[in-house]
Amino acid sequence: MAAKRALILTVVCVSCGSGDAGSGEPASSGGAETTAAPTTGAAGGSTGDAASADASSNPAPTGTAGEGGSSTGEPGLPPGPWDAGWVIPETPQAPGDPAAGYQAMLTRGYITCGVPYVLFGLAKGLLGDFTKGDPLPGRSGKNAEVPYNWTVHTPKSGVEIASFNCLECHAGRFNGELVVGLGEADLDFTDVPMGALVENLPILDIFPGGVIGEINKFVERYKAVGPKIKMLTVGTNPADMLAVALAAHHNSDTLAWSDDPLLFPPEIMAPVDTPPWWRVHKKHGVFYNGMNRGDHRGTMMFASSLCTDSVAEADEIFEYFDDINAYIRSLRSPVYPFAIDAELAAAGEAVFVARCAGCHGTYAPAAAGDDGETYPNLLLPLDVIGTDSTVANAGENYGEMVQWFNESYYGKIVQLEVELPFPGYVAPPLDGVWATAPYLHNGSVPTLAALLESDTRPARWRRVDLDSANYDQSTLGWPFIATPYGQDDAPADQRKFVYDTSKPGHGNGGHTFGDALDAGERAALLEYIKTL
């Protein structure tokens, strides 16, 4: 397995700098101690992910990232699904400073609208899950007082605001600890309450116009996109649906915002399970369907472009996103925190190499670092993988948004390829996969055990609770209850917690490759996965 840095926030938190723009500089750590933001992957080395890229080459050229090709899997493997895969070509990423990227991610205003800080204490009680987080250790000034997923900064209006940051979706809890880079598995997008914020802040009249203008801008943006990103189930993420909404309200040439939509794409339910950031350093196309071909900064910036209203503003953000990308690429998965049966895991490694490595790669001993591993970056066609097709069929479902993106400012940095060479899904790296329940791209399968034995997957289910310490070490996932009812018939207080695989975009079929294993092989494979 790869050399790892434990990302779980526990003991060591380093802070430098002062004032309201708290820094929280990442620090290196070894042994049992952990850090809020590791700057490197392998112990004692730099990220090195983009060393071959010349800083003067930014942004990346438009168009596709070169020629890919079919795969025959890992050397010596028998025929398998990997033979139908297509290798996504690599594009060099711009070099950057991971430590500076961590600071920028948590202190810079790449989301340039938010709640005026003078109102934030009042607003917290009205924003539900979106402000439920604790402060992040290592931050300073006012940033040490707000939840980890918010950043205090002052945009060009001169009004100090608190706005979302990347950790809104990309910091989750495992075993009771916050893990930076882990997708949040219990975020509630079944309601987006920002639209009613002004109506519930009756004291607005006493504040100056700049404050009112900022809160109104924040609220109006969410009134426009909020109805488009409501999910059916707690824990699923509307990232793809948000991208469509952002394109619909921005001019592709100038990025100017329009309260009225400029595009009218179909409204499609497309839930996704937020993937962990520690996969990014291996992946050539970072999305589930592999459509991001080129400089990853383009899609990262677009994801946070709710309030980016001009090319000049986007240029300013672009200047430091090389560092943010470098930080994300520096992350490595945490180490499994529970006991592992070494003998059973060794038996499982043989199963993995024979049955899984052709698509998901191989994993070296910790001392070997990343150089001892392989990852094929295979895009697999839908008729091979067989999973819910909604996200894979981005060209059919979101073609208008894809065209907007490729013709926009962001398309000068990275292109979206949705048909080359076919719609499908990328077999992901499996580093730390045990921490990333639920499974499949839409979060439709609660445990890895159920993923490896398809007839045990529940058609309708809910987690026993949302306690991240309540983890099933035998099945590698969240304990769940198979419900006798779907969402439509669920009790009102349970409805949003029920995952109903009959709903559009929520299917749990496909990836039946584990069905060929016997019970002993499956148990050994699950034990080996704990070592990744």
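**How the labels are earned**

Visitor: What makes β12 and β14 count as paired strands?

Guide: Strand β12 (residues 460-463) is joined to β14 by two bridges, and they run antiparallel. Two strands pair if DSSP finds at least two bridges between them, so β12 and β14 qualify. Strands here are DSSP runs of E, at least two residues, and helices are runs of H or I, at least four, numbered from the N terminus. Arg-460 has Asp-500 of β14 as its bridge partner.

Visitor: What kind of model is this?

Guide: This is a predicted model: local features need pLDDT of at least 70, side-chain atom pairs need 80 or more, and totals for chains, interfaces and linings use all residues. Residues are numbered from 1 along each chain as its sequence is written, and side-chain values use heavy atoms, without hydrogens or water.

Visitor: Which strands are at the edges of the sheet β13-β12-β14?

Guide: β13 (480-482) and β14 (499-500) are, since each pairs on one side only. The sheet is open, with antiparallel pairing.

Visitor: Why is one side of β3 and of β4 left without a neighbour in the sheet?

Guide: Their open sheet has the order β3-β5-β4. β3 (115-116) and β4 (150-153) stand at the edges, each with a single partner strand, so one side stays free of a neighbour in the sheet. Four bridges link β4 to β5 (residues 161-164).

Visitor: Why is α7 called roughly perpendicular to α12?

Guide: Helix α7 (residues 342-355) and helix α12 (residues 519-529) have axes, lines fitted to C-alpha atoms over the stretch in contact, that cross at roughly 100°. Angles from 65 to 115 degrees count as roughly perpendicular, so the label fits α7 and α12.

Notes: Axes are lines fitted to C-alpha atoms, for helices over the stretch in contact, and angles run from 0 to 180 degrees between N-to-C directions. Angles under 35 degrees count as roughly parallel, over 145 as roughly antiparallel, 65 to 115 as roughly perpendicular and the rest as oblique.
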